[in-house]
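Subject: Structure handover

Hello,

Here is the structure we talked about handing over. Please open it first, then read my notes below.

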Amino acid sequence: MPRHAVIALAALLVEGGVAMRADSARGLAGTQRQSAFRMSTVFAETVESLVEMPNKIPNRMFIKSKLKMPHNGIEQYGEGDSDKDPEIIPIIIYEEPTFSYETFASQIAGYSKRVQKGDNCSGRVILITPSGALVDIGTKASAILPNAEASLNQVDDLTTVFELGQSYDFQVITSEDENGQLQLSRKRLMYAEAWQKIDEMHAIDADFDVVVASVNRGGAIVLVEGLRAFLPGSHLAGRTATEDMVGETIKCKFLDVDKENSRVVVSNRRAIVDKEMKDIEIGQVVEGVVTAIKPYGVFVSMNGVAGLLHISQISSDRVYDLEKALPVGMRLKCMVVSQDASKGRLALSTKTLEGAPGQMLKDPDAVYANAEVTAATYVERVERERKEREVAAQDVILGLESALAGSSDAMPAPE
């Protein structure tokens, strides 16, 4: 049978199927529908006899080059050209597939990645919705990234952290559901990476920048590598925790790191003190402001570094009223007499700067005017006394060694 006849036969079979569906809609019985289909089939058997009269065939067939069919079916006979008449459309003839659905499924199975809960994978963000995102990770179905698992902190708009078409790393947090979909998390990978960086910084006692997220009665909540950490109010250098700090970036060091309990405590004072203390030496004269008064002394702030001026180190004379002698806000000069860099503590003294006993209480300005000279004299005296003590201690040691050696010489030799 020629190719055009085969095409015509296919058209008639299609027409028979359409007729059956139409009859079904009108409520025809099954036998009548079968008859309609048989009529189309029988009519198709005469197609070969129509090949000889190409200009006088039903317009459902066009055998010059390809089969055409009308939309409205008004014309009973005649030729048609779909390029000129929009009412006529072509029938598309598809080739038989060269493989089965089973073969196709087996072929694509080799290109489908297999991942399971707990695996890390890379995927491309292909869709962002208000509730999450769809990620192509190479499996048969796209994976789901819920909003809650998108970042370490709450994100209302995923377009602020993800870009369509870009690839990111994720962790699989569920098994496949009934649709073959997995759920992913980026938050858990970021959490592990943040703790790794915190452990590394803590090991070398590094200072770092933190962003103040909120403040409370005890201090402030700050973000360290995206994780929430507590900054006690007592460890803020030269200031108190107020709302205007929110969003500010400040320097801190670690006070406590407990990964098991997910607890991080930081100190701004330690970071400032460690930096300033590198340039502070015992015997150095520093300037500061009285910031607080306690029964045992006053606290003095020096460029963010706080030092204690103990009541016994204010003057050689007895101090009866601290608030009167050293009111809050008073500027003064002190000498550093000891320091503990690991704890960020400085011990100060004005008594060592007195030219005469009680001068700090009687004429503090005279003490400040000669502070550097008095401090240098004091340091020289302390150094001289230290060397004298070392020489005296060495003499004692040598005397003891000589005494022990003499006693051993006097002992009789054993028989």
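Buried residues account for 34% of the 415 residues in the protein chain. Please keep in mind that this is a predicted model. The accessible surface of the chain comes to about 26,000 Å². Carbon and sulfur atoms hold 53% of that surface. The chain has ten helices and 17 strands. Take the contacts between residues at least 6 apart in sequence: 54% of them join residues at least 24 apart.

**The five-stranded sheet**

One sheet is open and has five strands, in the order E5-E4-E3-E6-E7. The pairing is antiparallel. Its edges are E5 (143-146) and E7 (184-185), each of which pairs on one side only. Helix H5 (residues 187-203) packs on this sheet. H5 touches E3 (120-129), E6 (167-172) and E7. The direction of H5 makes about 95° with that of E6. Next to the edge, E4 (residues 132-136) and E5 pair over four bridges, in the antiparallel sense. One residue pair to look up there: Val 135 has Ala 143 in E5 as its bridge partner.

**Strands E8, E9 and E11**

E8 (residues 208-216) pairs with two strands that I checked. With E9 (residues 219-224), E8 shares five bridges and runs antiparallel. Those two strands form a hairpin, with two residues between them. Val 211 stands opposite Leu 223 in E9. With E11 (residues 249-258), E8 shares four bridges, again antiparallel. Here Asp 209 stands opposite Lys 251.

**The nonpolar cores**

The largest nonpolar core has 28 residues. Which of them have the most contacts inside it? They are Leu 309, Leu 326, Leu 332, Leu 346 and Leu 348. Several elements give two or more residues to this core, including helix H6 (268-277), strand E13 (285-294), strand E15 (305-310) and helix H10 (371-410). Strand E16 (331-340) provides the largest share, four residues.

Leu 309 is a good place to start looking. Leaving aside residues up to four places away in sequence, Leu 309 touches Leu 326, Leu 332 and Leu 348, among others. Its contacts also include Val 298, Val 300, Ile 314 and Cys 334.

A second core is separate and has 24 residues. Among them are Leu 152, Ala 206, Met 245 and Val 266.

**Cysteines**

How many disulfides does the model have? The count comes to zero. Cys 334 is buried because its relative accessible area is 0%, under the 20% cut-off. Cys 121 has a relative accessible area of 8%, so Cys 121 also counts as buried.

**Gly 329**

One loop residue deserves a look. Gly 329 is in the loop between helix H7 (322-325) and E16. Is Gly 329 buried, exposed or partly exposed? Gly 329 is partly exposed because its relative accessible area, 46%, falls between the 20% and 50% cut-offs. Gly 329 touches Val 289 and Val 290, residues up to four places away in sequence not being counted. In sequence, Gly 329 and Val 289 are 40 residues apart. In space, they are 5.7 Å apart, C-alpha to C-alpha.

Best wishes

How values were computed:
Residues numbered from 1 in each chain as written. Predicted model: local features only at pLDDT ≥ 70, side-chain atom pairs only at ≥ 80, totals over all residues. Heavy atoms only, no water. Disulfide = S-S within 2.5 Å. Buried < 20%, exposed > 50% of the residue type's maximum accessible area, 1.4 Å probe, protein only. Contact = heavy atoms within 4.5 Å. Areas by Shrake-Rupley, 256 points an atom, 1.4 Å probe, with all protein chains shown as cover. Pairing = 2+ DSSP bridges. Axes fitted to C-alpha atoms, helices over the stretch in contact; angles between N-to-C directions. Core = buried A, V, L, I, M, F, W, Y, C linked by side-chain atoms within 4.5 Å.
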